[in-house]
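User: I'd like to learn how to read salt bridges and sheet pairing in a model. Can you walk me through it?

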Amino acid sequence: MHVKPLSKPHTLTALESLVHRTSDTHCAAQLYELNKRYQLEHAFMALLNQIDHTHFECIWQYQTHHNIYINLIIITDIAVHLFKFNDYSGLHHIDGDGMLINSTTYTTHADISELHCMKYSVINVMPETATQLPVYTKCVMFSENFMLDIHSYTGDILLKDQILPYLERMSICSKKKKKPKFRDFFILSF
């Protein structure tokens with residue numbers, strides 16, 4: 001196995017060619033967001049390239065029909081890992097509904113909630129023989145200025161300085177196990 005290369009999304013390529021032909025501010029804003037998302041994916045790929053990832057299978061830029069965007073799905077021999085990347089900054093807290101909220105601006109982000117929805121979708125497509133395989137979710141914070149309130153649960157959050165150690169642990173743990181038989185089915189179903 002190998003990590004499939006990250007490719008530029010078709011929507012980003014199309015918007016890059018259109019943005020100079022229009023004065024539509026929505027188009028420019030969408031281009032900015034897509035470009036930022038792609039840069040974060042490149043930053044994560046650079047970290048992924050620092051470890052032994054020969055036993056990982058990656059699905060980049062997965063979007064559901066409900067417009068839930070997952071930057072990366074990593075399938076190892078022992079687990080499925082769902083990652084959503086962002087560069088939020090400032091103090092945040094997680095409310096009772098699992099929403100990530102900026103404590104100063106009260107901007108609400110649905111990243112954690114979307115990851116949990118996607119987790120249950122992944123569990124539902126697994127064959128019965130593989131349902132014991134855990135599915136982990138991580139909201140990856142690339143900004144060094146991101147802080148989480150001490151009263152918020154941190155299990156779904158991965159800070160910038162935690163990314164590489166987390167990937168290294170994934171690599172070490174997955175090398176110790178035998179490949180599940182459902183891997184090919186899972187990849188084909190996405």
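Analyst: Sure. A salt bridge here is a side-chain nitrogen of Lys or Arg within 4 Å of a carboxyl oxygen of Asp or Glu. Keep in mind that this is a predicted model.

User: How many salt bridges does that rule give?

Analyst: The count comes to four. The general idea is that side chains of opposite charge can pair when their charged atoms come close. Take Lys36 and Asp87, whose closest N and O atoms are 3.6 Å apart. Lys36 sits in helix α2, while Asp87 is in the loop between β3 and β4, 51 residues apart.

User: What about Glu114 and Lys84, and which parts do they tie together?

Analyst: Those two side chains meet in a salt bridge at 3.0 Å, N to O. Glu114 belongs to helix α3 and Lys84 to strand β3, so the pair ties together parts 30 residues apart in sequence. Lys84 is buried, at 9% relative accessible area, whereas Glu114 is partly exposed at 21%.

User: Is Glu144, the partner of Lys160 in another salt bridge, buried or exposed?

Analyst: Glu144 is exposed, with a relative accessible area of 66%. Lys160 is partly exposed at 40%.

User: Now the sheet: what is the strand order?

Analyst: In general, strands of a sheet pair through backbone hydrogen bonds, either parallel or antiparallel. Here an open sheet of four strands runs β6-β5-β4-β8, with mixed pairing. β6 and β8 are the edge strands, each pairing on one side only.

User: How many bridges join β4 to β8?

Analyst: Three, and the two strands run parallel. To find your place, look for His92, which stands opposite Leu148 in β8.

Notes:
Residues are numbered from 1 along each chain as its sequence is written. This is a predicted model: local features need pLDDT of at least 70, side-chain atom pairs count only at pLDDT 80 or more; totals for chains, interfaces and linings use all residues. Side-chain values use heavy atoms; hydrogens and water are left out. Two strands pair if DSSP finds at least two bridges between them. Buried means under 20% relative accessible area, exposed over 50%, partly exposed in between (1.4 Å probe, protein chains only).
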